[in-house]
Amino acid sequence: MGLLMMAGFASGALNAVAGGGAFITFPALLFAGVPPVSANASSTVALFPGQAASSWAYRRDIGAVSEVNLPQFAALSLIGGLIGALLLLVTPNALFADFVPWLLLFATSVFAVGHYAPGVVARLRLGGRGVLAVQFLISIYGGYFGGGIGFLMLAALTLFGLRDIHAMNGLRILLAMLMNGAAVAAFAVSGAVSWPETLAMAVAAVAGGYVGALGAKRVDPKRLKTGVVAIGAALTAYFFAKGT
C-alpha cells in the first residue's frame with residue numbers, strides 16, 4: 001500500500017506541473033493485481049481529489065482567463081467525461097486489456113509530439129466552435145482512458161490563441177477535474193472502483209496535487225515532460241511484450 005501511496009503522490013504532483021499522472025497510477029494498480037477496467041476506473045477516481053486541490057491552487061490564474069467561455073467548456077467536459085466513462089464500463093476486461101498497450105502508445109506519442117515537436121501543431125488554428133468540438137472529443141477520451149489529455153487540452157487552447165501558460169495550465173487541470181468528476185460518479189455507482197487501493201492513492205494525490213501546483217512555476221517542466229515520455233515509452237514496451 002505504501003508504494004501505491006507513493007505513486008498517488010507522484011501522480012498528483014506530476015499532473016499539476018506537466019500532466020501525465022495516469023502513466024503512474026494506472027500501471028501501479030495493474031501491478032498491484034487490479035483488473036484492467038477496474039484499474040483504469042480506480043486511477044481516475046484516485047487522481048480526482050489531487051486535481052481538485054491543484055485547481056484550487058490555480059484559482060487566480062483560472063479566473064484571469066477571458067478568451068474562452070468557461071461554462072461551455074465545463075459543460076462539454078462533464079458530458080464528454082461521462083460518455084467516455086460509460087464506454088469504459090461496457091468494455092470487457094479482456095478487450096480493454098488488449099487496448100492497454102495501444103492506448104499507452106497513443107498517449108505517449110501525443111505527449112512526445114507536444115514536447116519535442118510543437119511546430120507540428122503550431123501551423124493549425126482553431127475557431128470558437130472548433131475548440132469546443134475538440135474539447136468534447138478530448139473529454140470523451142479522458143473519461144475512457146485519459147493518458148495524455150493534459151497535452152491535448154494545452155494544444156487545443158494554444159491553437160485557439162491562448163498564450164499565458166499558467167492560465168492555460170490551471171484551465172487544463174480544472175477541465176480534467178470536471179471530466180474526471182463525471183467519470184468518478186459513473187465508476188462509483190457501477191462498482192468498478194477497487195476502493196482500498198484507490199483511497200490510499202487519493203489521499204496521497206491530494207498532497208501531491210497541491211504541492212505540485214505550488215511548485216509548478218519553479219520546476220523546469222521540460223525535464224518533467226521528458227520523464228513522462230520515458231515512463232510512457234517504457235510502460236508501452238512492457239505491456240506490448242508482457243500483456244496485462
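The dialogue below discusses how to read the helices of a predicted model.

Colleague: How many helices and strands does the chain have?

Modeller: The chain contains 12 helices and zero strands. Its pattern along the sequence is accordingly written α-α-α-α-α-α-α-α-α-α-α-α.

Colleague: What radius of gyration would a compact globule of 244 residues have, and what does the chain have?

Modeller: A compact globule with 244 residues would have a radius of gyration near 18 Å, and the 16 Å of the chain agrees with this. The C-alpha trace spans about 45 × 35 × 35 Å along its principal axes. Of the 244 residues, 55% count as buried. One may also consider contacts between residues at least 6 apart in sequence: 84% of them join residues at least 24 apart.

Colleague: How should I describe two packed helices?

Modeller: Two packed helices are described by the angle between their axes and by the distance between the axes. Let us take helix H1, residues 2-17, and helix H10, residues 165-190: their axes come within 9 Å and cross at roughly 130°. An angle from 115 to 145 degrees falls outside the parallel, perpendicular and antiparallel ranges, and H1 and H10 are therefore oblique to each other.

Colleague: Which residues of H1 and H10 make the contact?

Modeller: H1 contributes Asn 15, Ala 16 and Val 17, while H10 contributes Asn 169, Arg 172 and Ile 173. By character, the residues of this contact divide into three nonpolar, two polar and one charged.

Colleague: Is there a general reason for the spacing of residues on one side of a helix, and what is it?

Modeller: An α-helix has 3.6 residues a turn, so residues three or four places apart point the same way. In H10, Asn 169, Arg 172 and Ile 173 are the residues to inspect in the contact with H1.

Colleague: What span should the 26 residues of H10 have, and how far apart are its end C-alpha atoms?

Modeller: At 1.5 Å a residue, H10 should span 38 Å; its end C-alpha atoms lie 37 Å apart, which agrees.

Colleague: How many of the residues of H10 are buried?

Modeller: Of the 26 residues of H10, 19 are buried, so the helix is largely enclosed by the rest of the structure.

Colleague: Which residue just after H10 takes a positive phi?

Modeller: Gly 191 does, with a phi of about 80°. This residue is placed in the loop between H10 and helix H11 (195-215).

Colleague: Is Gly 191 buried or exposed?

Modeller: The relative accessibility of Gly 191 is 58%, so Gly 191 counts as exposed; the cut-off for exposed is over 50%. Gly 191 and Thr 158 are 33 residues apart in sequence, and their C-alpha atoms are 38 Å apart in space.

Notes:
Residues numbered from 1 in each chain as written. Predicted model: local features only at pLDDT ≥ 70, side-chain atom pairs only at ≥ 80, totals over all residues. Heavy atoms only, no water. Axes fitted to C-alpha atoms, helices over the stretch in contact; angles between N-to-C directions. Helix = DSSP H or I, 4+ residues; strand = E, 2+ residues; numbered from the N terminus. Parallel < 35°, antiparallel > 145°, perpendicular 65-115°, else oblique. Contact = heavy atoms within 4.5 Å. Nonpolar A, V, L, I, M, F, W, Y, C, P; charged D, E, K, R; others polar. Expected span 1.5 Å × (residues − 1). Buried < 20%, exposed > 50% of the residue type's maximum accessible area, 1.4 Å probe, protein only. Rg over C-alpha atoms; globule rule 2.2 N^0.38 Å.
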